[in-house]
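Q: I am new to this structure and would love a close look at one part of it. Could you walk me through a sheet and the helices that pack around it?

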Amino acid sequence: MPMPGQQLLSLTSVGVGIDGRSILDDISFDVSAGEVLALVGPNGAGKSTLLNAITGDVELRSGSVSLFGVPIGAWDPIELAMRRAVMLQQNDMSFPFTVEQVVQMGRSPWIGSSAESDDEMIVASAMAMTESEGLSERVYTSLSGGERGRVAFARVLAQASPLLLLDEPTAAMDIKHQEMVMRLCRDYARSGCAVVVVLHALDVAAAYADRVALLESGRIRSIGRPVDVMTAESLSEVYQYPIDVFEHPGHGLVILPSRKEGDQE
């Protein structure tokens, strides 16, 4: 388990280009144990590419990514999986695995280690936390999009890595399960780990993230506390659409598209 405040992830001047086109440029930030960092921005801002750069799944044009102070390319796949767990946008599988088998896959990095003895308990706990236990015998491919998302998140939790990297984990979920997933992310960070999560829902990012990185055209426009980063002016400029931001007592920031009277008639 990381020490409180320990730096788990560091990006320094990261740049990514694809087919001669710049996708990310000069991205730098650190992530420490105990925090949730949300990556937000409009479509095409580079959020998913940035997450792929962090996971090591895309080649860097410039800069570096370090995990626990070690360049990410220096870890072998098992060591990497023990330190960071990844949930992608697409959670498709072509083989007819049951839900329980899918969640058990999260324990793969720990095969042969002393932690393997806890596999059954950890899998059961992950399924209970994500309300997936009632789906355990279902074939994964038969599930709805939201159900698949919960099971994929359970697999990531079962991996028990100190850093979670999540790309739109709540995209297909109803409100209840969106809130459940984000509360679990918050609790996971509070346990001494860290979460980096790509989100489209700005109000969800404001409610659950310690810090927000607002991306614009492959660069970080600003990074910091939600109340400092997610202003009406900044969001309206980045999203190229008028956005209102209100502070609601007890609920933090409320973020809404600006609508004129009569727009909803």
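A: Here is a tour of the six-stranded sheet, followed by its helices and a few nearby features.

First, some ground rules. This is a predicted model, in which local features need pLDDT of at least 70 and side-chain atom pairs count only at pLDDT 80 or more, while totals for chains, interfaces and linings use all residues. Residues are numbered from 1 along each chain as its sequence is written, and side-chain values use heavy atoms, with hydrogens and water left out.

Helices (H or I, at least four residues) and strands (E, at least two) are DSSP runs, numbered from the N terminus. Two strands pair if DSSP finds at least two bridges between them.

Let's start with the sheet. It is open, with six strands in the order β6-β7-β8-β3-β9-β10, and its pairing is mixed. At the edges stand β6 (84-87) and β10 (219-224); each has a single partner strand, so one side of each is left without a neighbour in the sheet. Ignoring direction, neighbouring strands here are turned by 15° against each other on average. At one end of the order, β6 and β7 (residues 163-167) run parallel and are joined by four bridges. Methionine 87, for instance, has leucine 166 in β7 as its bridge partner.

Now for the helices on this sheet. Contact here means heavy atoms within 4.5 Å. Angles run from 0 to 180 degrees between N-to-C directions, and axes are lines fitted to C-alpha atoms, for helices over the stretch in contact. Helix α6 (residues 175-190) packs on the sheet and touches β3, β7 and β8 (194-198), its direction making about 150° with that of β8. Helix α9 (residues 232-239) lies across β3, β9 and β10, and runs at about 35° to β9.

From α6 we can step to a neighbouring helix. The axes of α5 and α6 come within 12 Å and cross at roughly 10°. That makes α5 roughly parallel to α6, since angles under 35 degrees count as roughly parallel, over 145 as roughly antiparallel, 65 to 115 as roughly perpendicular and the rest as oblique. On the α5 side the contact involves Arg150, Phe153 and Leu157, while α6 brings His177, Met180, Val181, Leu184, Cys185 and Tyr188. Sorted by class, that contact has seven nonpolar, one polar and one charged residues. In this scheme Ala, Val, Leu, Ile, Met, Phe, Trp, Tyr, Cys and Pro count as nonpolar, Asp, Glu, Lys and Arg as charged, and the others, Gly among them, as polar.

Helix α5 (residues 145-159) also packs with α4 (residues 119-129), at an angle of about 140° and with the axes 8 Å apart. That makes α4 oblique to α5. Here Ile122, Ala126, Met127 and Met129 of α4 meet Ala154, Leu157 and Ala158 of α5. By class, this contact has seven nonpolar, no polar and no charged residues.

Finally, back to strand β9 and a link made by side chains. Arginine 211 and glutamate 35 meet in a salt bridge (2.9 Å, N to O), the term being used for a side-chain nitrogen of Lys or Arg within 4 Å of a carboxyl oxygen of Asp or Glu. This pair links distant parts of the chain, 176 residues apart: arginine 211 lies in β9 (residues 211-216), and glutamate 35 in the loop between β2 and β3 (36-40). By this rule, the count comes to 11 salt bridges.
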